[in-house]
Every structure is written in structure tokens, then in C-alpha cells.
Amino acid sequence: MEKSRGRTIFVCQQCGREELKWLGRCPNCQEWNSFVETAVTTPASSSRTTYPVSPPQELSQVTIDAAERFALPLTEFNRVLGGGLVPGSLMLIGGEPGIGKSTLLLQVAGLVAEARGKVVYVSGEETVRQTKLRSERLGISGEGLYLLAETNLEAILSQIEQLQPGLVIIDSIQTVYLSEVNAAPGSITQVRQCTLELMRWAKSGAVPVFITGHVTKEGAIAGPRVLEHIVDMVLYLEGEPFSAYRVLRCVKNRFGSTNEIGVFEMKEQGLIEVENPSQAFLSQRGSEAIGSVVVPVLEGSRPLLVEIQALTNPTSFGLPRRTANGVEFNRVLLITAVLSRRLGLKLGNQDIMVNVTGGLKIGEPAADLGIALAIVSSFRDAEVDPQLAIVGEVGLSGELRAVAQLDRRVNEAARLGFKRCLVPKVGAKVSPVPKGIELIPAGSVREAVAAGVARGKTKR
Ligand SMILES: Nc1ncnc2c1ncn2[C@@H]1O[C@H](COP(=O)(O)OP(=O)(O)OP(=O)(O)O)[C@@H](O)[C@H]1O
Ligand SMILES: [Mg+2]
Ligand SMILES: [Zn+2]
């Protein structure tokens, strides 16, 4: 049945929920005042271009060319993609404003244009002149790279059709719009319809397409979050404003494994690959090792050494505060509780800050023990052995739990010259133990503290 023109529905701009009437609060995501009246649209492609309809193919007759994946001369980027660009894939790069999305994609555009031919870079946010200035700073010759400052997606697609490029970049998805969709650019309806349209286009011509989208700290703004299930791949560019390191993280990949990361450093010439991230993350480490520990974490298939710092300070008024930067807030609360109850540390009148240097975000509980020792070290004003790497998950009764892939972590610690590694007694099997490093198994946080934190200046 044909839907009558002029009918409207209400769409939550936070999660995409559709309702027939306006609601003050979204029943799905609980957001207030998020519904916006939106015209019901006919499916985006009905009125325009028809794409070749492909008949069903017998699976056994489908051939796949393994060489189809195009590897970029940018190792850190390839790793995250799972080897290289897959033809016809639609990839989303999300990140906070100013983190470096445009920079990264302009670099990628330049590299692909050099190696493979035409690339179209569509910018709805910057003029052609601005993009040119940036490309000069990044040292991109620009041959084969076509800039288009346009926001109308119909116009963009008809331009691209003529050029037949090997890669298309849309920066950003929140600025483009389809004129037949009756909603503002950046609204959830536009963003979703435009993405679907680009998906169809990418698949029909087997051209890889990147789109960028900004997210705020809370992951709000119509965009990335609602697009995650549409696109083939979701990458996030992360980092702290005060740090030059940027981590590109894959959270969804239809063609490869997720959770791989690439590490870059933001410089004048753009994002430069960091070949030895462990070394980079530890380079700022001072010789005074109070409240500072080194933890081998696992990012995808890759072990990385990071520095975790803690600072305890008597609460001056009100409730003691806890802050967590780069580690989960709830893990800090849990570890603090364990230290209070199982080790008798009087942390009830202490503010506690935990920070991961370099702007990396650690999601795995294997960093628990490191956090615990950093807190104890700061609280007691006592040094942690600077040659010690620390890994282990902390349980509620203070016991240490095994961590995955211990051998890779220990190997990375040994590679960077650490002499000892504190590990959970359970599952403390590493064979062979790499040269130059000694394993120190501990069964509980208490044992680990005794082994890893020197006797403090103050008796606590
Ligand atoms: N001359 C420069 N030298 C070094 N770094 C620079 C220079 N100019 C810009 N930058 C860096 O590039 C960053 C901006 O990157 P970029 O525009 O790629 O981010 P973005 O994620 O695309 O942002 P937006 O969401 O605003 O589009 C700045 O925050 C800054 O760190
Ligand atoms: Mg940008
Ligand atoms: Zn909602």
C-alpha cells in the first residue's frame, strides 16, 4: 500500500526509535526531548537511479579473489582493517571532534591515489582550499585525488559515477543529505538514509567507501551509534586532547577480526605510525616510581606495555572522590574496596585518581593488579620496583585470577627490558620463559603487594 505523502512520524534522535505521536521521553533509550517530527519518506532509491539487480547465485559458483583486498602502505591502518581495503565495503570512522579523522582519511586518500588511481574526497565541512592547505602540510602530491565540497548526496553520487574512482571518502556523514528525505542534515533520519544509500552504491560498484562521524564523549549525536549495524566496519579514533598519541580501534568488522588497534602520533606532517607503541607509551616514564606501574595489556592480538599511575590524597571536604582516566571507573571502585577490606588500607578518607598515560583506554581486567599496586604505592608513598611488569585480574576476595595469553604479555615485557613480572599463581605457565625476565607468581593482592611494593616511608 502506498503511504500518503505528508504523513509524519516522530523519531528519537538518540536511538532511532519511531513513534506515531510525540513523547517527552524515549521509552527505548530514556532520553528526554529527543523526538523530532519527521516526514515519512519513500525508500531512498525508488525515485532515482536503479541499480543492477543481481540474480541469486549458487554459493558453489561464487568465486572470491583473495588478492581483492588492497593493502595500503600504512601498516598500522592495515592491521586494523584486517589486512587492507575490501572492495564494496562501507566503513565508518567515528571520533570526537578534532581528534584527527579528516587528517587520517586525507592521508589514506593520498596513498591510495598514488598506488591505485582515482580517489574522491568529499568534504562537507571544509572548503576545497582548506583541504588543499591541509594536504600540503601532510605532503600529499594530490595526483589522482579529487576534492569535492558538496553536501547533496544525489549530486555527490552523480559526480562520482562519472569519475569511477577506486575509493570514496565522505567527510562527514552528518553533513550530507538526500533532498528527497524530508529531514535536516545530521538528523537521525538523514544520516541513516544517506548511509543506506552509500551502502547500496558501494556494493553495486564494488568500491570501498569511508564515512566519518563525530561522537561526543557520551557517544551522543545522531550518527555513529545508530549506524554501527548498517555499515561493514566501524573504527574509532581515540586519544586525549593533551596527548599526541591516537589509537585507531576496530569495533566491528564483517571481513576480519575486531579489537585490533593501530597506534599513531599526531604531528605537523599528520598521523605518523608508531612502530614500537610499548616503548612510546613508556617513554615519558619518570625514574621516581611512586604510584606508577607498568602493565602488559592485550589489544586484539597485540601485547602493549602501558603505564598506569595512581594518586591518593586526603579528602579535603565532603565525600572522597575517585577518578578514572583510561580504565573503567567500576574497576577502580572494586579494587579500592578490595584494598580496604582485604588489606585493611584506610582509603575511606582519600581521593583516588587513576590514569593511563598516553591516552590509551584499557578495557580488560588484566590491568586490575597494576591499578591496585599503583594505589598502594601512592598511598604508602613507597616505590614499585621499576623493573617490574604487573599483570592479573583481581577477584572480590582479593584472589588473583588468570589472564588470557600470559606468554605474549611476558614476552613483550622481556622485549622491553623488564627484569621481573608479577603474575597470578593460577595459570602462571609460560614456556619457555623468555631470557632476562623472572616470573613472580602471587596468589592474592596481599602477596603481590608484599612482593612488588617497597616498604614505605610512612608506616601504613
Ligand atoms: N599545523 C598543525 N600541526 C600539527 N597538528 C595540527 C596542525 N593543524 C592541525 N593539527 C591537528 O589536527 C587536529 C585536527 O584534525 P582533524 O581536522 O583531522 O580532526 P577531525 O577529527 O576531522 O575533526 P572534526 O571532527 O572537527 O572534523 C587538531 O586537533 C590538531 O591536533
Ligand atoms: Mg574533520
Ligand atoms: Zn531513544
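Over how many bridges do strand β1 (residues 8-12) and β3 pair? Keep that question in mind while you load the model, which is a predicted one, and take a first look at the whole chain.

**The whole protein**

With everything shown as a cartoon, you are looking at eleven helices and 21 strands, and the C-alpha atoms fill a box of roughly 75 × 50 × 50 Å along the principal axes. If you colour the 460 residues by accessibility, 50% of them count as buried. Among the contacts with a separation of 6 or more, 67% are between residues 24 or more positions apart.

**First stop: the sheet of three strands**

Select β1, β2 (18-19) and β3 (35-39), which form an open sheet in the order β2-β1-β3 with antiparallel pairing. Because β2 and β3 stand at the edges and have a single partner strand each, one side of each is left without a neighbour in the sheet. Now the opening question can be settled: β1 and β3 pair in the antiparallel sense over five bridges. To see a pair of residues facing each other across these strands, show Phe 10, which stands opposite Glu 37 in β3. As background, strands of a sheet pair through backbone hydrogen bonds, either parallel or antiparallel.

**Second stop: the loop between β2 and β3**

Stay in this region and select Gln 30, Asn 33 and Ser 34, starting with Gln 30, which is found in the loop between β2 and β3. Its phi is near 70°, a positive value in a residue other than glycine, and Asn 33, placed in the loop between β2 and β3 as well, has a positive phi near 50°. This deserves a pause, because most residues other than glycine have a negative phi.

Is Ser 34 buried or exposed? Ser 34 has a relative accessible area of 6%, which means that it is buried, the cut-off being under 20%. Asn 33, by contrast, counts as exposed at 59% relative accessibility, while Gln 30 counts as partly exposed at 41%. Show the surroundings of Ser 34 and, leaving aside residues up to four places away in sequence, you will find that Ser 34 touches Val 11, Cys 12, Gln 13 and Cys 26.

**Third stop: the sheet of nine strands**

Next, select the open sheet whose nine strands follow the order β6-β5-β7-β8-β4-β9-β10-β11-β12, with mixed pairing. Its edge strands are β6 (145-148) and β12 (270-273), each of which pairs on one side only. Looking along the sheet, you can follow a twist that averages 25° from one strand to the next. At the β12 end, strand β11 (residues 261-267) runs antiparallel to β12 and is joined to it by four bridges, and there the bridge partner of Phe 264 is Glu 273 in β12.

**Fourth stop: helices α2 and α3**

Add helix α3 (residues 128-138) to the view, and you will see it lying across β5 (119-123), β6, β11 and β12, at about 145° to β6. Then add helix α2 (residues 101-116), which packs against α3 at an angle of about 70°, with the axes 10 Å apart. The two helices are therefore roughly perpendicular to each other. Show side chains to find the contact, made by Ser 102, Thr 103, Leu 106 and Gln 107 of α2 and by Thr 131, Arg 134, Ser 135 and Leu 138 of α3. These residues divide into two nonpolar, five polar and one charged.

**Fifth stop: helices α8 and α9**

Move on to helix α8 (residues 329-343) and helix α9 (residues 368-380), whose axes come within 10 Å and cross at roughly 60°. That angle makes α8 oblique to α9, and the crossing is right-handed. Here Arg 331, Ile 335, Thr 336 and Leu 339 in α8 meet Asp 368, Ile 371, Ala 372, Ile 375 and Val 376 in α9. The residues of this contact divide into six nonpolar, one polar and two charged.

**Last stop: two cis peptide bonds**

Which two residues near the loop after β7 (167-171) should you select? Choose Asp 171 and Ser 172, which are joined by a cis peptide bond with omega about 5°; Ser 172 lies in the loop between β7 and α5 (188-205). Then select Ser 431 and Pro 432, joined by a cis peptide bond with omega about -5°, where Pro 432 is found in the loop between β20 (420-424) and β21 (438-442). For comparison, most peptide bonds are trans.

Note on methods. Residues are numbered from 1 along each chain as its sequence is written. Chains are lettered from A and ligands numbered from 1 in the order in which they are written. This is a predicted model: local features need pLDDT of at least 70, side-chain atom pairs count only at pLDDT 80 or more; totals for chains, interfaces and linings use all residues. Side-chain values use heavy atoms; hydrogens and water are left out. Buried means under 20% relative accessible area, exposed over 50%, partly exposed in between (1.4 Å probe, protein chains only). Contact means heavy atoms within 4.5 Å. Axes are lines fitted to C-alpha atoms, for helices over the stretch in contact, and angles run from 0 to 180 degrees between N-to-C directions. Angles under 35 degrees count as roughly parallel, over 145 as roughly antiparallel, 65 to 115 as roughly perpendicular and the rest as oblique. A crossing is left-handed if the near helix is turned anticlockwise from the far one by less than a right angle, and right-handed if clockwise. Ala, Val, Leu, Ile, Met, Phe, Trp, Tyr, Cys and Pro count as nonpolar, Asp, Glu, Lys and Arg as charged, and the others, Gly among them, as polar. Two strands pair if DSSP finds at least two bridges between them.
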